[in-house]
Amino acid sequence: MNHRMLTNVAVLLSSCVAFTVLGAAGCYAPAVEEDAESAERGAEIDDLAEGAGEEEAGEASEDVGEAQEALLACAPTWHHGGNLWEQTYDKVMGCACGDGYIKSSYKVWNSGHGNCWALGWVSSDPKDCRVNVRIKDSGGFFYGDCHLEVQSTLNPAASCVNRCGQRAPDGCYCDAECSRFGDCCPNYDAAC
């Protein structure tokens, strides 16, 4: 049974729970049968996941690398200052990279009074687009703004390049059914 069939069963069961909570007399969940096309697709995906050749994987990753371009993941600003004395402290700024994206680069700059600079990524997790930033407030009740821009790129494991009609290693899909189930890879429309 593939993950989509499990999703359908979960929806039916959650409906039963809702009816029971609301005091309905009973709940009938019809048996869910896989149609031949869904079963065949599930078998194909399992075969591809298990038997992908190294040569094919190498070609796909090269094409994905060529197709990547940096995208703005987030651009937060931290308003700082307003102290009589200078002070320095660390602040975590940024965001999650987004489904199917991994961190690429960041840029930190200050406007106004004080200063700020990057200390590095918060974690080694490629999907974590947060940055440790050191903030230095100037004394004298002056204010400044610390700006951060984080760039991300499409995760090669979540790309549909050379994978149309298949499932990507990251778990998203590159087939016609993905729109219906809401599990398309980020570049499905562009690649397929």
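**Exercise 1. Decide whether Y106 is buried or exposed, or falls in between, and describe its ring partner.**

Solution. Y106 has a relative accessibility of 31% and therefore counts as partly exposed, given that buried means under 20% relative accessible area, exposed over 50%, and partly exposed in between (1.4 Å probe, protein chains only). The model is a predicted one, in which local features need pLDDT of at least 70 and side-chain atom pairs count only at pLDDT 80 or more, while totals for chains, interfaces and linings use all residues. Residues are numbered from 1 along each chain as its sequence is written, and side-chain values use heavy atoms, with hydrogens and water left out.

Next, look for the partner: rings of Phe, Tyr and Trp (its six-membered ring) pair if their centres lie within 6.5 Å, and planes under 30 degrees apart count as stacked, over 60 as edge-to-face and the rest as tilted. The count by this rule is 1 aromatic pair. Y106 and W121 form this pair, with 4.8 Å from centre to centre and 85 degrees between the planes, which is edge-to-face. Y106 belongs to strand β4 (residues 101-112) and W121 to strand β5 (residues 115-121), 15 residues apart; helices (H or I, at least four residues) and strands (E, at least two) are DSSP runs, numbered from the N terminus. Finally, W121 is also partly exposed, because its relative accessibility is 26%.

**Exercise 2. Find which ring lies under K91, and which under the charged end of K107.**

Solution. A charge sits over a ring if NZ of Lys or CZ of Arg is within 6 Å of the ring centre and within 35 degrees of the ring normal. K91 lies over the face of W78, at 4.0 Å from the ring centre, and the charged end of K107 is over the ring of W109, at 5.2 Å from its centre.

**Exercise 3. State how many disulfides the structure holds, and work out the handedness of the one between C172 and C185.**

Solution. With a disulfide taken as a pair of cysteine sulfur atoms within 2.5 Å, the structure holds 7. In one of them the sulfur atoms of C172 and C185 are 2.0 Å apart, and the torsion about this S-S bond is about 90 degrees, so the disulfide is right-handed. C172 lies in the loop between β7 and α4, and C185 in the loop between α4 and α5 (188-191), so the pair ties together parts that are 13 residues apart in sequence. C172 counts as buried because its relative accessibility is 11%, and C185 counts as buried at 3%.
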